[in-house]
Amino acid sequence: MPEVLSKLTEFRAGITAIDADYVRPRLAASHLVVDGGRAAFVDTGTALSVPNLLAALAAKDIDPADVDWVLATHVHLDHAGGAGALMQHLPNARCAVHPRGARHLAEPSKLIAGSITVYGEERYRALYGEIVPIPESRMFVPEDGARVMLGSREFELIHTPGHALHHYCIVDQAHALIFSGDTFGISYRDFDVDGRAFIMPTTTPVHFDPEALCDSVDRLMSYHPQAIYLTHYAEVRDLQRLAAEMKERVRAFAELGRRYASAPDRASKLRHGMFAQLGGWLDAHGFPRDDAERHRLLDDDVELNCQGIEVWLDRK
Ligand SMILES: [Zn+2]
């Protein structure tokens with residue numbers, strides 16, 4: 001059995017989640033969608049994820065020439081860092097990127113500098129590899145509500161600010177499903193308890209906007225989806241509950257920020273406060289009270305979320 005098969009999860013409607021092998025197993029997915037012999041990737045992981053994506057095509061007997069789309073929900077590097085390297089292997093694909101993100105994929109130096117600010121130089125190199133620019137001639141830059149075809153199915157690309165201003169989501173009305181990038185938050189399968197998903201917002205720098213994010217969640221739910229596919233990680237259902245919890249938690253994070261906005265030790269208060277808040281929600285969810293395991297699964301997100309909340313506080 002090719003090694004890649006252990007990294008694939010099959011869902012309905014021709015959808016496969018591919019583990020991008022980013023940071024740890026089942027943290028970030030690229031979704032492959034196949035319809036009528038044509039294929040699309042939704043998010044790509046990093047440049048280091050590309051071998052997994054190509055191996056997934058081979059395992060499913062799809063010619064790289066039959067991939068029509070690389071749909072990059074937004075230009076954060078765990079979603080689009082691999083898009084340029086992947087495009088080099090896909091002769092007929094176009095990369096769809098939000099109007100506010102396009103220039104960053106065409107000329108990634110600012111994106112790289114921004115990521116080094118967040119992660120530090122050493123960790124940046126280890127996480128992301130080399131970012132390959134995408135020629136503008138191979139990009140499709142969707143306005144809000146733009147439609148693209150994959151085989152016989154139509155995707156509507158809707159702008160969803162709140163996590164990032166350069167974010168869009170992909171709505172597949174015919175199959176009642178949405179690919180949400182980071183807009184519908186994070187739901188690691190590690191936190192599943194008796195098949196129930198745990199959800200939390202991602203408030204990464206530099207565009208976090210709590211009200212816009214809640215509005216975007218409402219907009220996704222206005223399509224009445226039956227399943228949402230998150231980059232972190234894959235399919236969730238039970239969407240009424242998750243949407244309510246997501247919005248409640250966005251507001252709770254914003255409130256946490258306001259509470260410590262002018263505290264002298266704001267950074268550490270925020271980090272402790274957020275970990276405690278997540279811990280309370282995990283207790284209520286029935287997740288085992290193992291602090292070492294919770295730190296292992298949450299510390300990176302707590303750090304990124306708090307950085308994003310501090311940028312938001314400074315902007316206000
Ligand atoms: Zn993001």
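Start by selecting strands β8 to β13 in this predicted model. These 6 strands form an open sheet with mixed pairing, and their order across the sheet is β8-β9-β10-β11-β12-β13.

Next, colour the two edges. They are β8 (146-150) and β13 (234-236). Each has a single partner strand, so one side of each is left without a neighbour in the sheet. Now look across the strands: from one to the next, the twist averages 25°.

Select β11 and β12 (residues 227-230) together. The two strands run parallel and are joined by 4 bridges. Show the residues F179 and Y229: F179 stands opposite Y229, which belongs to β12. Then add helix α7, which packs on the sheet and touches β9, β10 and β11. The direction of α7 makes about 160° with that of β9.

Move on to the zinc ion. Which residues coordinate the zinc ion? Select H74, H76, H163 and D182. The coordinating atoms are NE2 of H74, ND1 of H76, NE2 of H163 and OD of D182, at 2.1 to 2.3 Å. Angles among the 4 donor atoms range from 85 to 174°, and the site is irregular. Along the chain, the donors follow the spacing H-x1-H-x86-H-x18-D.

Finish with H163 and D182, a pair that links distant parts of the chain, 19 residues apart. H163 is in the loop between β9 (153-159) and β10 (168-172). D182 is in the loop between β11 (177-181) and α7 (210-221). Are these two residues buried or exposed? Both H163 and D182 are buried.

Terms used. Residues are numbered from 1 along each chain as its sequence is written. This is a predicted model: local features need pLDDT of at least 70, side-chain atom pairs count only at pLDDT 80 or more; totals for chains, interfaces and linings use all residues. Side-chain values use heavy atoms; hydrogens and water are left out. Donors are N, O and S atoms within 2.8 Å of the metal (3.2 Å for Na, K and Ca); water is not among the atoms, so sites may look incomplete. Four donors count as tetrahedral if all angles lie between 85 and 135 degrees; four count as square planar and six as octahedral if opposite donors are over 155 degrees apart and all others between 65 and 115; anything else is irregular. Buried means under 20% relative accessible area, exposed over 50%, partly exposed in between (1.4 Å probe, protein chains only). Two strands pair if DSSP finds at least two bridges between them. Axes are lines fitted to C-alpha atoms, for helices over the stretch in contact, and angles run from 0 to 180 degrees between N-to-C directions. Contact means heavy atoms within 4.5 Å.
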